[in-house]
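Thank you all for coming. I would like to take a few minutes to walk through one structure, beginning with the whole chain and then moving to particular places in it.

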Amino acid sequence: MRKYPFREIEKKWQNYWEENQTFRVDEDPNVPKNKRAYVLDMFPYPSAAGLHVGHPEGYTATDIYCRYLRMKGYKVLHPMGFDSFGLPAETYAIKTGTHPKKTTEENIEKFRQQIRSLGFSYDWNREVCTHNPEYYRWTQWIFLKLWEKGLAYMAEIPVWYCPALSTVLANEEVLNTPEGPRSERGMHPVDRRPLRQWILKITAYADRLLEDLDGLDWPESIKTMQRNWIGRSEGANVRFPLASGFGKSGDSVEVFTTRPDTLFGATYLVVAPEHRLVASITSQAQKASVDAYVAKTSLKSDLERTDLGKEKTGAFTGAYAVNPLTKQEIPIWISDYILASYGTGAIMAVPAHDNRDWQFAKTFDLAIVEVVVPHIATSQGKIPNADGVGERFVASADQTCTMTACYTEDGFAVNSGDFNGLPTADAKQKVGEWLEKIGIGKRTVNYKLRDWIFSRQRYWGEPIPLIHLDDGSIVPVPYEQLPLQLPEVESFKPTGSGDSPLAKVESWLRVTLPDGRSGTRETNTMPQWAGSCWYYLRYLDPHNTETFADQKKIDYWLPVDLYVGGAEHAVLHLLYARFWHKVLYDIGLVSCKEPFQRLVNQGMITSFSYQRKDGSLVPTDEVSEQGTEQFVEKATGELLQRVVAKMSKSLKNVVNPDEIIQEFGADSMRLYEMFMGPLTMSKPWASQGVVGIHRFLDRVWRLSEKTMDRGPAPKELMRVLHKSIKKVDDDSKNLDFNTAISQMMILVNEMYKHDIVYLQIMEPFLLILAPYAPHIAEELWQMIGHSESLAFAKFPDFDQNLVLDDELTIIVQVNGKLRSEFRVSRGTSAAELEALALKDEKIAVHLLGKKLLKVIAVVDKIVNLVVAG
Ligand code: ANZ
């Protein structure tokens, strides 16, 4: 008996598909729109480490789906490429002098080989690499379109700068340490300093990015994350005049609030440390502490500043403003929990009803006035009763606050003069109207979404194709001169002044236009996100030299029918790509509003790790298994608990896909990753599981050694087959791959109950197995006499009669209550069901001494008895 020769057959079929260009796809006009599918994977960044087990998870899922769709008669576009500009290659270049292009292309080749070795059915003719000049020519082209539309502008923006390394750092290169922010490389102190940046006006699309989410078939969690990221808030801007004697006369502090209804409870103002008024209103006595506070906050990121759990800090400016409703003078503070870049950079603090303000007021002993209550008075008449329900609750007349916790929910206004008793929504509306009427406020909408900082002071990215003329104006590099190629440089280190290494390439830098004007090229490059904003469009027409993609091809395929990738791209990539797509839509270059109609996030593949009693984790190679599920630390003998943890190098629990493929084969790897659990769930890798799957495929292989019979298969086996066809069909369509695999295991077990293999079973079985384990399926398909690949064979139909069970359960109800049930053959007549029900002993009890009024029997379902008395 020959062992399952997976290495041989996998190589053979991979070569076959490649040589025959089996998965090359074109735009056949005869295929109707509803029979075309564009299935997209998030393309990988080709890191030096190669594929990790998370990549094949999503890629296997889409591959099964594509292979299934082809067998269901669809024309399927399934491309792959590489997101190949990026920081690691550049960091490596700075360290070793190796050109990032060289490293990147070596890594890409490694990735390609690894991906091929999994037998994925990509159309490799469509591969794109974002660092390829023929690709980034069009990234630059789209940038110029954005620039022409006024959606790209320059501004000074604070960025992380490391004096010791003389370079600007990306956010991910900065670590938060107890000593303050440090460079990841070398742990040097870093500071924030303003540098000239290119910025894309994504905020101009905020409303559309929000609205169009509704029509997308995406996980609700991702839509919510995008909504929160865009963060649309309706509220009002309100001006608080400075109290007399502070600042210039007539000056005021403008705040943004989503709760104008709480204005009576605003007991102090807080402005961001960077607020323009801070310098002019701070009193002499407070100056030293305010200056020190401002200096300290400049080092913090917005995320740290707004961390809810963080202790509140701040400083009093010494100045006061007037609450326009209560007319009371209230103090003005500065604090880092107010962000300069949101709203107006200043707030009215309502400690009774905002958690952050509550914490702040408690820390600095500031007044708290309750202006919203959950229920309203019914008896004493002081506060009108809005809804007629609720218990007595009135804030004390002298406004001494008795609250023990902040109340942030909606309710009814109290201590709010004319607005008393109004439910929150009405109070918001009325106070808003009143503010507008007397001219001290205006209803406004704010967004959390910020414009997108779109430049990096780096080498390994797309050069921004603009020229700064000596007269101060900016002109684009003419379209016909694109791509503006990255020049060769001697060193990849950024310049000491924070400019990109391109600033040192004199010959490239200076340009003279045909009309004699001269200038300097923009030296910033685009961020890594740029290339991935539109790669799904280039796949449609990757070799086009006239345009980024032919309109007809765009119309043929778009939108993407299924996009699969990790949830870590919930906001940035998916929002940026949607933004670019909408801009292209506005220019008339794409005809659908959204690029990715359906999105699925694969769950994370985790691993097991081993935990000591104190909670610390022990690297896997320092653990031995004694007996089943008993784990001890080798060095100490301590009994350890097995826990699920992220894969990490230090825990030595990283699974290498190459090793798995080498030992068990690509089909085993594919099947195992899908069998681990539902696609969207996070699940731990268990090497035992791969062994089990491999054994299953070995059993499939050995079916070929049995005698083949061309005669009719026994009915029971046919039943299992047809049930399996139906289940695998449904499950493949719904991406429920794990349960499809279970069903195929059941079928194989049934097949083993017979000494011979029936071709009538084997053929359709191989077809339903093919999307999952394509190599073994192709090989066996050939062995049973087919000369063509099964990649486009028709997915088998199931026979409805064979899918249904012969026997089923009939339930019996008496006056609507379930009282009994019994098994009958399918199709038993209503009269027979009625007779059976009446004979049933459990039912007889309920009929005793009663009058039977009516019997309703429904074939294959139920008998209903209605009795009286
Ligand atoms: C008074 C108030 C009373 C507020 C209350 C809330 C509850 P979202 O929903 O996130 O837009 N705020 C305004 N500008 C801010 C800034 N630059 N930095 C930090 N906080 C700021 O939140 C808007 C609310 O956050 C605003 O409404 C303001 O506090 C605060 F019972 O004003 B509110």
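What follows goes from overall figures to aromatic rings, one helix, one strand residue, the cysteines and a few backbone details.

Please keep in mind throughout that this is a predicted model, and that the values I quote are computed from it.

Let me start with the protein as a whole, which has 26 helices and 35 strands. Its C-alpha atoms fill a box of roughly 105 × 95 × 70 Å when this is taken along the principal axes. Of the 869 residues in the protein, 53% are buried, and the protein exposes about 39100 Å², with carbon and sulfur atoms supplying 51% of that area. If we take the contacts with a separation of 6 or more, then 72% of them are between residues 24 or more positions apart.

Now to the aromatic rings, of which the structure holds 44 pairs. One of these is formed by Phe120 and Tyr122, an edge-to-face pair with 5.9 Å from centre to centre and 70 degrees between the planes. Are these two rings on buried or exposed residues? Phe120 has a relative accessibility of 7%, and because the limit for buried is under 20%, Phe120 counts as buried. Tyr122, at 4% relative accessibility, likewise counts as buried.

Elsewhere, ring pairs link a cluster made up of Phe246, Tyr268, Phe316, Tyr320, Trp333, Tyr337, Phe360 and Phe364. Tyr337 in this cluster also has a charge over its ring, since the charged end of Lys312 sits there, 5.5 Å from the ring centre. A second arrangement of this kind involves Arg642, whose charged end sits over the ring of Phe608 at 3.9 Å from its centre.

Next I would like to look at helix H21, residues 737–752. How does the span of this helix agree with the expected value? With 16 residues at 1.5 Å a residue, helix H21 should span 22 Å, and its end C-alpha atoms are 23 Å apart, which agrees. The span is counted over one less than the number of residues, which is worth remembering if you redo the arithmetic. The buried residues in H21 are Phe737, Asn738, Ala740, Ile741, Gln743, Met744, Met745, Leu747, Val748 and Met751. What do those buried residues pack against? Their partners are helix H2 (54–71), helix H18 (666–675), helix H19 (687–702), helix H20 (715–733), strand S31 (756–758) and helix H22 (759–769).

From a helix we go to a single residue, Ile453, which is found in strand S17, residues 452–453. Ile453 counts as partly exposed, at 30% relative accessibility. Leaving aside neighbours within four places in sequence, Ile453 is in contact with Ile157, Gln197, Trp198 and Ile199. Ile157 lies 296 residues away from Ile453 along the chain, yet their C-alpha atoms are separated by 8.4 Å.

A biochemist will probably ask about the cysteines, so how many disulfides are there? The count comes to zero disulfides. Cys66, for instance, is in no disulfide, and the nearest cysteine sulfur, which belongs to Cys592, is 18 Å away. Cys66 is buried, with a relative accessible area of 0%, and Cys162 also counts as buried, at 0% relative accessibility.

Finally, some backbone details. A cis peptide bond joins Leu482 and Pro483, with omega of about 5 degrees, and Pro483 is found in the loop between strand S19 (474–476) and helix H13 (506–509). Another cis peptide bond joins Leu558 and Pro559, where omega is about -5 degrees; Pro559 is found in the loop between helix H15 (551–557) and strand S22 (562–566).

Two lysines are also worth a look for their phi angles. Lys327, although not a glycine, has a positive phi of about 65 degrees, and this residue is found in the loop between strand S11 (315–322) and strand S12 (329–334). Lys327 is exposed, with a relative accessible area of 61%. Lys652, again not a glycine, has a positive phi of about 55 degrees and lies in the loop between strand S28 (639–645) and helix H17 (657–664). With a relative accessible area of 48%, Lys652 is partly exposed.

Definitions and conventions. Residues numbered from 1 in each chain as written. Predicted model: local features only at pLDDT ≥ 70, side-chain atom pairs only at ≥ 80, totals over all residues. Heavy atoms only, no water. Phe/Tyr/Trp six-rings, centres within 6.5 Å; stacked < 30°, edge-to-face > 60°. Buried < 20%, exposed > 50% of the residue type's maximum accessible area, 1.4 Å probe, protein only. Lys NZ or Arg CZ within 6 Å of the ring centre and 35° of its normal. Helix = DSSP H or I, 4+ residues; strand = E, 2+ residues; numbered from the N terminus. Contact = heavy atoms within 4.5 Å. Areas by Shrake-Rupley, 256 points an atom, 1.4 Å probe, with all protein chains shown as cover. Disulfide = S-S within 2.5 Å.
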